[in-house]
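Open your viewer and keep the chain in front of you. We will go from the whole chain to single residues, one selection at a time.

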Amino acid sequence: VSKLLNEEKQVLIFPEGERTLTGTLQTLKAGVALLSSRTQSPIIPVYISGGYETWPRHRTLPKLGTRLTCLFGKPIY
């Protein structure tokens with residue numbers, strides 16, 4: 001991941017480390033901030049609404065007819 005960021009590639013990282021089993025927010029891991037600091041890459045916060053309802057971990061494929069919304073925040077340097 002560091003190599004990709006140093007090559008100015010875009011990388012998607014979920015700071016919780018894995019998808020939730022219950023739909024609730026999990027504890028965030030510290031690695032995202034460390035990675036951002038070491039590679040001088042900004043963090044772009046994203047709010048995802050409906051992710052668990054659309055594609056819970058126990059399903060192989062996402063549910064059709066559900067709404068998934070992503071809101072992007074300002075970069076954090």
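Start with the charges. The chain has 10 positive and 5 negative charges, and the mean positions of the two sets are 4 Å apart. Lys and Arg count as positive and Asp and Glu as negative, while His and the chain ends are not counted. To mark each place, pick NZ of Lys, CZ of Arg, CG of Asp or CD of Glu.

A word on what you are looking at. This is a predicted model, in which local features need pLDDT of at least 70 and side-chain atom pairs count only at pLDDT 80 or more, whereas totals for chains, interfaces and linings use all residues. Residues are numbered from 1 along each chain as its sequence is written, and side-chain values use heavy atoms, with hydrogens and water left out.

**The whole chain**

Switch to a cartoon view. You should find 3 helices and 2 strands. Helices (H or I, at least four residues) and strands (E, at least two) are DSSP runs, numbered from the N terminus. Follow the chain from the N terminus and the order is α-α-β-α-β. The radius of gyration is 14 Å, well over the 11 Å that the globule rule gives for 77 residues, so the chain is more spread out than a compact globule. That radius is taken over C-alpha atoms, and the rule is 2.2 Å times the number of residues to the power 0.38. Along the principal axes, the C-alpha atoms fill a box of roughly 40 × 20 × 20 Å.

Now show the surface. Its accessible area is about 6,700 Å², with 59% belonging to carbon and sulfur atoms. The Shrake-Rupley method with a 1.4 Å probe gives such areas; for residues, only the protein chains shown count as cover. Of the 77 residues, 13% count as buried. Buried means under 20% relative accessible area, exposed over 50%, and partly exposed in between (1.4 Å probe, protein chains only).

**Stop one: P45**

Select P45, in the loop between α2 (31-39) and β1 (46-49). P45 is partly exposed, at 32% relative accessible area. Which residues does P45 touch, not counting those up to four places away in sequence? They are L71, F72, G73, K74 and I76. Contact here means heavy atoms within 4.5 Å. Add P75 to your selection: P45 and P75 are 30 residues apart in sequence, yet their C-alpha atoms are 7.0 Å apart.

**Stop two: S41 and Q40**

Stay in the loop between α2 and β1 and pick S41. Is S41 buried or exposed? S41 is buried, with a relative accessible area of 11%. Its side chain makes a polar contact of 2.9 Å with that of T39. A polar contact is a pair of N or O atoms within 3.5 Å; within protein, one must be able to donate a hydrogen and the other to accept it, and residues adjacent in sequence count only if both atoms are side-chain atoms. Leaving out residues up to four places away in sequence, S41 touches L5 and S36.

Q40 lies in this loop between α2 and β1 too. Q40 is exposed, at 68%. Check its phi: near 55 degrees, a positive value in a residue other than glycine. Most residues other than glycine have a negative phi.

**Stop three: E8**

Jump to E8, in the loop between α1 (2-6) and α2. Phi of E8 is positive as well, near 60 degrees. E8 is exposed, at 74% relative accessible area.

**Last stop: Y77**

Finish at Y77, in the segment after β2 (69-72). Y77 is exposed, at 80%. Draw a line from its C-alpha atom to that of T54, and the distance reads 31 Å.
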